[in-house]
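User: Please take a close look at one part of this structure, the second largest pocket, and set out how its lining relates to the surrounding elements and to the other spaces in the model.

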Amino acid sequence: MASNKRNLNPLDLYDIRDELSEEECMVQDSVARFVDDQVLPVIQEAFENHHFPKELISGVAELGLLGSSIDGYDCAGLNGISYGLICQELERGDSGLRSFVSVQSSLVMFPIHAYGSEEQKQRWLPAMARGEAIGCFGLTEPHGGSDPVNMKTLAKRDGDDWILNGAKMWITNGNLADVALVWAMTDEGVRGFLVETDTPGFTAQEIENKFSLRASVTSALFLDNVRVPNENVLPGVTGLKGPLSCLTQARYGISWGVIGAAQACLNEVLEYSKDRVLFGRPIANTQTVQIRMADMARRITTAQLLSLRLGRMKDAGTMTPTQVSVAKWNNCRMAIDIARDARDILGGAGISAEYVPVRHMLNLESVITYEGTETVHQLVVGKELTGVNAF
Ligand SMILES: Cc1cc2nc3c(=O)[nH]c(=O)nc-3n(C[C@H](O)[C@H](O)[C@H](O)COP(=O)(O)OP(=O)(O)OC[C@H]3O[C@@H](n4cnc5c(N)ncnc54)[C@H](O)[C@@H]3O)c2cc1C
């Protein structure tokens, strides 16, 4: 009979670790070490100064975290659970670093691998896995990201080339990128264009005044008669299913990533509440603070189980976009609620960057918005339940 005396890990109450293979545990441990040793010492300063810590890219690449799910092309060929664990550990550090890896892996390397020509794969994937080439993904436009059908960026044929005109908004890695995967409307429907960022007519302008994801580069992209050769078009996909399939990959990773942010916040308040003495006792010894922290642990546990099951379905090839929407919605809501409540348990100290919750809280405002807002995911689930499109 199982003993009920052992101490549970407050950040893993249901012992998710016990569900992981040896390889998955190794991946988690190596990324956790990297985050503890390399990320946590620099991330607060990077966030405060609004800059992406580029010096971390080589370490991320050496660990095989870029395009980790791709088999071949110098990529690690890890499974979906491992990708989730990578996102979780990175986001325990900061959502900005996890966003960098998500965009590179799920939004640029994945579509090149899934829909690209052999030349495109050879050209980009090994360099991107080594972190020597950086990608960004341009889908959102200034007039409204939730409605990509209404795409105004246009690509017109001109002999063997295409001419692109339009603008993209809120593009992660935009000013870091060597290649921008720009989705544009053509006479045949939406196509993906690999635009090298030194092409005349292409400009990226960094968005400087963010209160969220400050340790991440976010940009507006402008395309003014940008000439792209036909061999830079992704040949394997036409229509919105191209970008949407990339979003499914990235949203899956986000469902894991935000668990890491929530764990960091719970960890902080568990420590703080032991030492903060008010009314003659540590606040950890009060019922309401215990209830709030118990609720955090409960919500983290349910999110972990959701992502684990989702990951097993991904690896079995049965995961659907609606199931991803449930997890992205639930887990982002879980994480942002925990970060806000953790900020409050810290009292005035909670607004200081010395403590992690306020940084995670601010970051999660972006994470709950990008890759489909909460409302968008709710409407995806509503459509699945009713068969009626209410967008
Ligand atoms: C930091 C950051 C990084 C990003 N990185 C990228 C990137 O790398 N690449 C990329 O392409 N995009 C990126 N995005 C864009 C992101 O995906 C969009 O911001 C998001 O999809 C929402 O689009 P929007 O901002 O235009 O809001 P809108 O679409 O204008 O939505 C405004 C509000 O309307 C609500 N709404 C929308 N439709 C409905 C409806 N039918 N019924 C009820 N309410 C509705 C939304 O939920 C939201 O609350 C990023 C955004 C941020 C903040």
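Analyst: In this predicted model, the lining of the second largest pocket draws at least two residues from each of helix 1 (22–48), helix 3, helix 6 and helix 9. Helix 6 gives the most to this lining, with 6 residues. The space in the second largest pocket amounts to about 370 Å³. Its lining is made up of 22 residues, and those closest to the centre of the pocket are L11, Q88, E89, R92 and Q263. By class, the lining of the second largest pocket comprises 9 nonpolar, 7 polar and 6 charged residues.

Two of the contributing helices, helix 3 and helix 9, also pack against each other. The axes of helix 3 (residues 80–93) and helix 9 (residues 357–367) come within 10 Å, and they cross at roughly 130 degrees. An angle over 145 degrees would count as roughly antiparallel and one of 65 to 115 degrees as roughly perpendicular; helix 3 and helix 9 are therefore oblique to each other. On the side of helix 3, the contact is formed by E91, R92 and G93, which meet R359, H360, L364 and V367 of helix 9. The residues of this contact divide into 2 nonpolar, 2 polar and 3 charged. R92 thus appears in two settings: it takes part in the contact with helix 9, and it is among the residues closest to the centre of the second largest pocket.

Helix 6 links this region to the largest pocket. Helix 6 (241–275) gives the most to the lining of that pocket as well, again with 6 residues. The other elements that each supply at least two residues there are helix 4 (95–115), strand 5 (161–172), helix 8 (321–345) and helix 10 (374–386). About 1300 Å³ of space lies in the largest pocket. Of its 48 lining residues, G145, L247, R251, E371 and G372 are the closest to its centre. The lining of the largest pocket holds 20 nonpolar, 19 polar and 9 charged residues.

Apart from the pockets, the structure holds 1 cavity of 30 Å³ or more. The volume of the largest cavity is about 50 Å³. Its lining consists of L139, T140, E141, H143, G144, G145, D147, P148, N150 and M151, with 3 nonpolar, 5 polar and 2 charged residues. G145 belongs to the lining of this cavity and is also one of the residues closest to the centre of the largest pocket.

Technical notes: Residues numbered from 1 in each chain as written. Predicted model: local features only at pLDDT ≥ 70, side-chain atom pairs only at ≥ 80, totals over all residues. Heavy atoms only, no water. 1 Å grid on protein atoms, 1.4 Å probe; cavity = no way out; pocket = protein on both sides within 12 Å on 5 of 7 lines; lining within 4 Å. Points joined across faces, edges and corners; volume = space filled by probe spheres on them. Nonpolar A, V, L, I, M, F, W, Y, C, P; charged D, E, K, R; others polar. Axes fitted to C-alpha atoms, helices over the stretch in contact; angles between N-to-C directions. Helix = DSSP H or I, 4+ residues; strand = E, 2+ residues; numbered from the N terminus. Parallel < 35°, antiparallel > 145°, perpendicular 65-115°, else oblique. Contact = heavy atoms within 4.5 Å.
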